[in-house]
Amino acid sequence: MKRLTGPGTAFCSLLALSSVLWVGARVSGEPTRLVLDESPIQPGEWGYRPEDQSISATDPPAFSWRPQANIQEWELQVARDPDFAGVVYEARGIVWNVHCPPKTFGAARYFWRYRGRNQAAVTNWSRVRQFTIPQNAVPMPMPPRDELLARIPADHPRLFIRPEDLSRLRAAAKGELKDLWERLVARCESALRNPPRTEEPPKYPPTVERKSDEWAKIWWGNREYTIRALGTSALLGFVYRVGGHKPYGELAKRILLDCAKWDPVGSTGFRYNDEAGMPYAYYFSRTYTFVYDLLSEEERQKCREVMRIRGAEMYRALCPRHFWRPYNSHANRAWHFLGEVGITFHGEIPEADDWTWFALNVFFNTYPVWCDDDGGWHEGSSYWASYMQRFTWWADVMRAMFGINAFQKPYFSKAGYYAMYLMPPHAVTGGFGDLACTREARSNVPLMSIFAVQARNPHWMWYVESMGGPPQPTEFWDFVRGTLPKVASRPPDDLPTSRVFRGTGQAALNTTLLDARDNVQILFKSSPFGTQSHGYDANNSFLLTAYNARLFVSSGRRDLYASAHHARWMWSTRSVNSITVDGIGQVPHSAETRGQITAFYTSPEIDVVEGEAGACYRDPGDPQGKGQPLLRRFTRTIIFLKPEWIVIYDRLVATRPVKYQYWLHSPEKMQVDGNRVLARVGQVECPVQFLMPERLSFTQTNEYDPNPRPRITVREWHLTAETPEKSTQIEFLTLYHPHRMGNDRSPQVTLKPQEGGSVLVLNWPGETATLLLPKDEAQSLQFGGLHTDGKILISREKNDGQSIRTVVVDGVVPAPP
């Protein structure tokens, strides 16, 4: 069996990890005993993977376990039996707490365990966990370190293209990609006439207030300044390397060497300002590899000195922490930028191969993190697009340098469906998450164009073509991608119109995927990721858009990350369409504020999604000061009777008598008439009937608490429906009817209270829908020929008695197609 080794320099970093090892004292001359730390995972930790009793989407799976100090190396065993009599795979000398084997195992049931050792002792074996590899698992073995590093060419260039690619690309520049090539040349000519500035950008003044507008101007301004300088030099270098026009290369070299004079831990250092430090790292590396032949050995050495400092700083910040605590927004792009540095300086900076090996281990073992294999993204569509766009660079690099196809990974084979379901063609909103509220579907076209070709997915290419086709390529990496085979398109007629992204706790309920202008959409969130990072929207919240009118929204606009408005309004439950309790919302911006989608069903006539978020509320008035649970349950069930009738049934049980506040937010002022609310945006309106409870007090304002900075002028309207009396249990039942003005088909509503719950009957021309709504799982309800024991039942039938569809909400969350 092969002994696998890792970078020696990683051990020093590993010792700094916070997980503390208990070391027993020597007794009667016995050697020191190491006790394995197998404590349960906490929020923010990657976890033991593959999980016990799990099914792996890849063969082999990637293994992960809790790190701990004083361990020099790890040992992993995989067997076909729980006693490990028949070990089928064993690896020793593993430095980090992750490992992806270099061989496939084959479809079967397996068991795995691990242990750690140092020079003096070995720990006990871990508990045994079981996993299954199915027949359809994707082969994803990770080649050994030495083999992968040997694939990096000895000569330059080493990013995006190899030396042997140059003749093919030169032919393409004269043939199929001539137009793009001429645009790249025109940009280079413009840079010759007006080269970017290269003086080192400023640091923050000593008196500047962090997060102030002055601070933000320097923070983001230095990023843009760095990109203008080194981004231009990378373009010049690429066009020189492929086309051979030396003036482009000489200007690229001059910019490179000017920027090499900047203090590597100064205003563009990774720790000082990572938004400037990251583009410095990858654009500097790209320029260096493209103009390598123009640099003297002295100039090369200067570049190596600079990037050794910068790369080491990034590595210390990321490794090995990122393997166990990867839920950091910026770190989830920094790792592959460090990988570009490592590849570029392979054989030139002693630590560079460690950086490359680290980046490859992140890809195989712990990436992507804000999702599962379903293809969603916890941080929302804006951050999904931003981070995935950058990741495609790394996918290009891995394909060229190592022959690794990133789009074989299960997530990337499904990632484009997130955009399709969340934002059908021509949509004007991007759902939950930071900066997503005003994002439009057409902004997905550049990324989806890449995904469609790389993943060979005809549905995603249809999505691109439905909005005018791929954008005109403008970058040198577009030129490299331009030689890939084209992909035919196919409309999503063979797909259901609604989908759940289980790992991120989001569901998109649609009437059509073909055009948002004809679509009614409910988006729902109840996420196991909680409200951390840029996915801060409270759980059991929803968004409602009809015919491209944003009727009910997540409110507020980010003026600056973590500003008073961002943190105290947008991160609060008050800002979304959810419920507060005695004015108390869910614990904000926390990995511990975890919800769960407990049921999902889709069909042409009825969609259902249900979520649980009771554990997200903590009682600040707890006399012991421990923030004990405030709710025993908050179960929200959304029933979509397509195309235009939506029932939302909320069941809340509190630990003490409380008042409840039901929040709705709309871009325009809502009309309130008794227990009826009317939202109207453009030519679309949505009446909302509060059927239960009967007595509510309504307030409405267009002020935020607190308001954003003056440059943000948008004002949305916030409606609160509050119960007048305190109680420990309540049910809200609301009926929404989004429709185009002049096409009101509001149903006749009959609500029949029963001892264990309620029966809701909706009649509209030609159809009847009957909903049996128990208060809890111990209640039985009966109406006509319908009966249920503790589960919500929905029956839709024609008025002549012919059944259309009956659904029982049984908690099953089926896998997406």
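Me: How many bridges join strand E21 (residues 671–673) to strand E22 (residues 676–681)?
Reply: Strands (E, at least two residues) and helices (H or I, at least four) are DSSP runs, numbered from the N terminus. Two strands pair if DSSP finds at least two bridges between them. E21 and E22 run antiparallel, and the number of bridges joining them is three.

Me: What pLDDT do side-chain atom pairs need in order to count?
Reply: Residues are numbered from 1 along each chain as its sequence is written, and side-chain values use heavy atoms, leaving out hydrogens and water. pLDDT is the predictor's confidence in each residue, from 0 to 100. This is a predicted model in which totals for chains, interfaces and linings use all residues, local features need pLDDT of at least 70, and side-chain atom pairs count only at 80 or more.

Me: Over which residues does pLDDT stay under 50?
Reply: The protein has a mean pLDDT of 94, and 95% of its residues reach 70 or more. Where pLDDT is low, the predicted coordinates should not be read in detail. The stretch under 50 has 64 contacts (heavy atoms within 4.5 Å) beyond four places in sequence. That stretch is residues 1–31.

Me: Which glycine has a positive phi in the turn between E21 and E22?
Reply: Aspartate 673 has arginine 676 of E22 as its bridge partner. The two strands form a hairpin with two residues between them. With phi of about 65°, the residue in that turn is glycine 674.

Me: Which residue of E23 stands opposite arginine 680?
Reply: E22 and strand E23 (residues 684–692) pair in the antiparallel sense over six bridges. They form a hairpin with two residues between them, and glycine 682 in the turn has a positive phi of about 60°. Opposite arginine 680 stands glutamate 685.

Me: Which strands stand at the edges of the five-stranded open sheet?
Reply: The order of this sheet is E28-E29-E30-E33-E34, with antiparallel pairing. Its neighbouring strands are turned by 10° against each other on average, direction ignored. One side of each edge strand lacks a neighbour in the sheet, because each has a single partner strand: these are E28 (748–754) and E34 (803–808).

Me: Are H5 and H7 roughly parallel or roughly perpendicular?
Reply: Helix H5 (residues 213–243) and helix H7 (residues 274–290) have axes 8 Å apart, at an angle of about 15°. Axes are lines fitted to C-alpha atoms, for helices over the stretch in contact, and angles run from 0 to 180 degrees between N-to-C directions. Angles under 35 degrees count as roughly parallel, over 145 as roughly antiparallel, 65 to 115 as roughly perpendicular and the rest as oblique. H5 and H7 are therefore roughly parallel.

Me: Is the crossing of H10 and H12 left-handed or right-handed?
Reply: The axes of helix H10 (residues 331–344) and helix H12 (residues 381–402) come within 10 Å and cross at roughly 30°. A crossing is left-handed if the near helix is turned anticlockwise from the far one by less than a right angle, and right-handed if clockwise. The crossing of H10 and H12 is left-handed.

Me: Which residue does a cis peptide bond join to aspartate 705?
Reply: One cis bond runs from histidine 156 to proline 157, with omega near 10°. The bond at aspartate 705 has omega of about 0°. The residue joined there, in the loop between strand E24 (697–701) and strand E25 (717–722), is proline 706.
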